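Student: I have a protein model open and would like to learn how its features get their names. Could you go through it with me?

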Amino acid sequence: MSTAWLSLGSNLAPEQNLRAAAAALRERFGAVVFSPVYRTPAVGFEGPDFLNAAAIIETDLDPFALNDWLHALEDAMGRDRSGPRFSSRPIDIDIVFYDALVLKGPGNLELPRPELRHAFVLRPLADIAPAYRVPGDGRTLAELWAAHPEAASPPATDALLRG
């Protein structure tokens, strides 16, 4: 079994879609650790605010198969990939870390995920895995978050995915 750290986001019916994604992750992977949920503005395009969270799963899938499974879940939940890459979406789930792998692969798979530099990815991960050391960097998620320009931002919006 391997461990994967995921980033989840939605800005179309976000409460409903994050709950549905959380249920699908629990159904497939069993016990899942979820972060608090944060409301953040869209990055890279004009659109409604996102609700963002992170999750830790134990998986029997390799990173390529896991990425495919997550894309299939996004598609089943109504994700439309025909438009611009940065646009509103019902759900977006990315693998940020997979064990300690550093790699690039098909389907925009890149580990660690470059979006880790954004607060909407980093902060939820730092909440649930503060001592995790970023492969290729060596700093912990807590250290990265403490040094982030948005580290003084408001606390989580709610416990939408807890339970």
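Student: Leaving aside its neighbours within four places in sequence, which residues is Leu-6 in contact with?

Tutor: A quick note before that: this is a predicted model, where local features need pLDDT of at least 70, side-chain atom pairs count only at pLDDT 80 or more, and totals for chains, interfaces and linings use all residues. Residues are numbered from 1 along each chain as its sequence is written, and side-chain values use heavy atoms, with hydrogens and water left out. Now to Leu-6: its contacts (heavy atoms within 4.5 Å) are Leu-25, Ala-53, Ala-54, Ala-55, Ile-57, Leu-70, Ile-93, Asp-94, Ile-95, Val-96 and Leu-125.

Student: Which residues touch the most other members of the largest nonpolar core?

Tutor: Leu-6 is one of them, along with Leu-8, Leu-25, Leu-66, Ile-93 and Ile-95, in a core of 28 residues. The elements giving two or more residues to this core are β1, α1, β4, α2, β5 and β7, and the largest share, six residues, comes from α1. Apart from it lies another core of 18 residues, including Trp-5 and Leu-141.

Student: What makes a set of residues a nonpolar core?

Tutor: The members must be buried Ala, Val, Leu, Ile, Met, Phe, Trp, Tyr or Cys residues, joined through side-chain atoms within 4.5 Å. Buried means under 20% relative accessible area, exposed means over 50%, and partly exposed is in between (1.4 Å probe, protein chains only). In soluble globular proteins, nonpolar side chains tend to be buried together.

Student: Why is Glu-74 called buried?

Tutor: Its relative accessibility is 1%, and the limit for buried is under 20%, so the word applies. Glu-74 has its place in helix α2. Helices here are DSSP runs (H or I, at least four residues), strands are runs of E (at least two), and both are numbered from the N terminus.

Student: What does the side chain of Glu-74 reach?

Tutor: It reaches the backbone nitrogen of Ile-93 at 2.6 Å. That fits a polar contact, which is a pair of N or O atoms within 3.5 Å; within protein, one must be able to donate a hydrogen and the other to accept it, and residues adjacent in sequence count only if both atoms are side-chain atoms.

Student: How do you know that Glu-74 forms a salt bridge with Arg-79?

Tutor: The closest N and O atoms of the two are 3.4 Å apart. A salt bridge needs a side-chain nitrogen of Lys or Arg within 4 Å of a carboxyl oxygen of Asp or Glu, so this pair qualifies. Arg-79 is buried too, with a relative accessible area of 15%. Glu-74, Arg-79, Arg-89 and Asp-92 are linked in a network of salt bridges, and a search of the whole structure finds 10 salt bridges.

Student: Are Asp-137 and Arg-139, which meet in a salt bridge, buried or partly exposed?

Tutor: Asp-137 has a relative accessible area of 37% and Arg-139 has 39%, so both count as partly exposed. Their salt bridge has an N to O distance of 2.9 Å.

Student: How do you know that the span of helix α2 agrees with what is expected?

Tutor: The expected span is 1.5 Å times one less than the number of residues. With 14 residues (63-76), α2 should span 20 Å, and its end C-alpha atoms are 20 Å apart, so the two agree.

Student: What puts the buried residues of α2 on the same side?

Tutor: In α2, Pro-63, Leu-66, Asn-67, Leu-70, His-71, Leu-73 and Glu-74 are buried. They cover an arc of only 160 degrees around the axis, so they lie on the same side of α2. The arc is that of the directions from the helix axis to the C-beta atoms. The face turned away from the buried side carries the exposed residues Asp-68 and Ala-76.

Student: Why does Val-134 count as buried?

Tutor: Val-134 has a relative accessible area of 6%, so it meets the limit for buried. Val-134 lies in the loop between α3 (119-128) and α4 (141-147).

Student: Which bond joins Leu-111 and Pro-112?

Tutor: A cis peptide bond, with omega about -15 degrees. Pro-112 is found in the loop between β7 and α3.
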